Amino acid sequence: MNDVFVQTCWLVPIYSLIGSVLTLPWSLGLVRRTGPRPAAYLNLLMTLFACLHGSIALSRIWNHPSQQLVFDWLQAADLTISLSVDISPVSVGALELVAGISFLAQLYALGYMEKDWSLARFYGLMGFFEAALSGLAISDSLFLSYALLEVLTLSTYLLVGFWYAQPLVVTAARDAFLTKRVGDIILLMGIVALSAYGAGLSFSELQSWVETSPLPSGTATWLGLALIAGPLGKCAQFPLNLWLDEAMEGPNPAGIMRNSIVVSAGAYVLIKLQPVFILSPIAEDALIIVGTITAIGASLMAVAQIDIKRTLSHSTSAYLGLVFVAVGLGHVDIAFLLLFSHAIAKSLLFMSIGSIIYNITNQNVTEMGGLWSRMPATTTAFVVGSAGLVGVLPLGMFWTWTRWFNGNWAVSWWLLGLLMFVNALSALNLTRVFRLVFLGDPQPKTRRVPEVGWPMAVPMVTLTAMTLLGPWVPQKWPYWLSATAPLGNAELPIVRYSIALIVASGLLGCIVGFRLVLRRAWARPLKVWLRFFQDLFAYDFYIEKAYNLTIVWAVASISKLMAWLDRYVVDGAVNLVGLVTVFSGQALRYNVTGRGQFYVLTIAIATGLLALWSFFGLN
């Protein structure tokens with residue numbers, strides 16, 4: 001179709017980039033008289049333009065076939081790199097989700113960051129962040145997507161380390177950057193290998209390439225594992241999952257985007273790469289294993305946390321683990337719906353806990369209580385967000401589960417058990433947090449807590465309405481990623497009882513969460529085995545200690561060895577050559593007499609010695 005809004009949809013990421021650039025006079029301190037708020041308004045205005053453009057484009061492309069816009073970027077010899085853009089209901093829908101949540105998060109930041117001295121710098125980074133996410137949503141080019149993932153890594157480093165005067169913040173930013181770099185480097189190897197084996201550098205060509213260019217099993221396995229590594233780090237999956245927990249040291253408005261759409265960006269790329277994984281059953285099994293381990297482990301970690309942000313960040317890893325499982329099974333439509341439902345519910349939850357942190361400047365749930373009557377909008381947002389995440393009828397995640405087990409997909413009992421486990425623990429965790437924060441008697445820090453002002457309340461109420469209206473999207477969603485509705489071979493009892501069992505698991509989690517004995521002081525249990533499991537889950541299964549004893553120790557030991565070799569071997573050899581040169585020069589200066597016959601004698605002796613050495617050396 002030739003609609004101008006659809007054809008110019010590739011300009012939407014540029015709006016955010018322009019907004020980021022417009023904040024520079026305030027970010028760099030060139031404009032001081034007006035204060036930093038005009039920079040925030042300019043960035044918000046450009047994000048609003050992006051949101052409006054995306055909305056119009058989505059309404060025009062809805063139920064229409066996709067189209068590609070190709071921009072030639074580099075051509076040298078046999079190498080041609082084109083930056084292609086995919087304009088389809090899926091990509092434009094993802095673009096609009098990014099723009100919408102980004103606009104609400106930035107409006108929310110007007111209240112949350114109102115007293116921050118570097119407000120302009122924050123909005124500049126948020127615009128940069130949004131531009132990369134928007135570009136990734138519509139990118140059809142592997143090369144461009146990788147470049148935008150690198151921009152996301154840089155943006156995460158800058159936003160997590162926003163309050164760089166705090167040592168813990170600096171450490172968190174460094175760990176997030178380095179952890180993502182591990183996956184990015186391996187992903188780059190996979191993209192280079194993929195192009196070397198004849199695949200085009202665009203996602204739309206992968207399906208036809210897979211059907212016409214089979215690879216040896218070993219090559220396909222290594223290629224698939226390399227392509228998994230990048231999303232593994234971006235989505236905070238085991239064993240690269242700890243960075244998301246540490247990234248909670250950054251400002252909460254950035255955390256709203258990070259836990260909803262930023263981690264989803266890696267999974268979005270993974271979904272587009274799914275045709276390649278068909279070539280290797282090992283790669284598909286790796287996706288399922290990693291996703292299952294992360295979903296189970298992160299759910300258990302979340303239950304043991306007392307930091308209100310970390311209770312939700314581990315939940316993010318758990319639900320992204322389910323996305324990995326769906327991609328490993330080939331259920332790409334379900335994976336996308338999981339991302340959509342999770343992004344809206346999780347962003348609402350982070351807005352609600354951000355309102356609490358803003359008012360009481362504390363993140364320890366054991367020091368909160370009795371907030372439901374003092375913060376009704378925040379309480380409603382938390383309840384609706386929790387219901388949308390757990391899958392309560394008739395909210396979004398419920399319809400996602402329903403679509404997964406409607407008989408069109410090949411499902412089994414172990415998948416149903418995994419969903420019930422994650423759903424039950426998520427319900428238990430959210431119920432535990434709700435009781436500690438909103439119910440009970442007010443604590444010293446929560447006795448005089450007002451509701452937040454309009455800049456924070458309006459986005460929160462808007463997102464609450466979006467979460468309630470979200471179920472309409474899965475109901476109307478066609479099979480866009482899968483050309484046709486896949487024919488599953490699920491057993492009839494699974495299809496018949498699955499939704500009831502999943503809903504029952506959520507209710508069971510809520511019941512256990514309400515009946516669980518909660519210790520405000522978080523006293524240590526008297527039983528040794530309870531203390532063991534409490535520490536095991538609270539300290540993330542001691543993954544960080546395992547890293548310190550293995551990878552960190554190995555890198556530190558190799559670094560010390562290299563430093564010793566550099567100082568005593570390399571520097572020693574260089575210094576020895578220097579000393580020999582100095583002594584030789586000092587000795588030779590006595591041969592400079594100015595007499596020609598002495599120089600002739602020296603040359604004759606040297607020539608004779610060289611001849612003798614050559615004669616005996618050859619013989």
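How many salt bridges does a search of the whole structure find? The search finds 7, and we will come to several of them after a look at the overall build. Keep in mind along the way that this is a predicted model.

Let us start with the chain as a whole. The protein chain has 26 helices, alongside 2 strands. Of its 619 residues, 53% count as buried. The surface that the chain exposes comes to about 28,100 Å², and carbon and sulfur atoms supply 70% of that area. Contacts also reach across the sequence: among those between residues at least 6 apart, 81% join residues at least 24 apart.

Now turn to the interior. In soluble globular proteins, nonpolar side chains tend to be buried together. Here, the largest nonpolar core has 155 residues, and W401 and W404 have the most contacts inside it. Helix α16, covering residues 332-360, gives this core its largest share, 18 residues. Where does the core lie with respect to domain 1 and domain 2? Domain 1 (1-72 + 82-140) and domain 2 (331-538) both contribute residues, so the core lies between them.

To get a feel for this core, try finding W404 in the structure. Setting aside neighbours within four places in sequence, W404 is in contact with L322, A326, L329, H331, I334, L338, W409, V411, L415 and L419. Apart from this core lies another one, made of 5 residues, including A304, L425, L536 and F537.

With the cores in view, we can return to the salt bridges. A good place to begin is R310, which pairs with D245; their closest N and O atoms are 3.2 Å apart. D245 sits in helix α11 (residues 242-246) and R310 in helix α15 (residues 308-328), so this pair ties together parts that are 65 residues apart in sequence. Both D245 and R310 are buried.

R310 also forms a salt bridge with D307, where the closest N and O atoms are 3.5 Å apart. Are these two partners buried or exposed? R310 counts as buried because its relative accessible area is 15%, under the 20% cut-off. D307, at 17% relative accessibility, is buried as well.

Another pair joins R174 and D175, with 3.1 Å between the closest N and O atoms. In this pair, R174 is partly exposed, at 44% relative accessibility, whereas D175 is buried, at 19%. Finally, look for E150, R181, D184 and K234: a network of salt bridges links these residues.

Definitions and conventions. Residues are numbered from 1 along each chain as its sequence is written. This is a predicted model: local features need pLDDT of at least 70, side-chain atom pairs count only at pLDDT 80 or more; totals for chains, interfaces and linings use all residues. Side-chain values use heavy atoms; hydrogens and water are left out. Helices (H or I, at least four residues) and strands (E, at least two) are DSSP runs, numbered from the N terminus. Buried means under 20% relative accessible area, exposed over 50%, partly exposed in between (1.4 Å probe, protein chains only). Contact means heavy atoms within 4.5 Å. Accessible areas come from the Shrake-Rupley method with a 1.4 Å probe; for residues, only the protein chains shown count as cover. A nonpolar core is a set of buried Ala, Val, Leu, Ile, Met, Phe, Trp, Tyr and Cys residues joined through side-chain atoms within 4.5 Å. Domain bounds come from an automatic or database domain assignment. A salt bridge is a side-chain nitrogen of Lys or Arg within 4 Å of a carboxyl oxygen of Asp or Glu.
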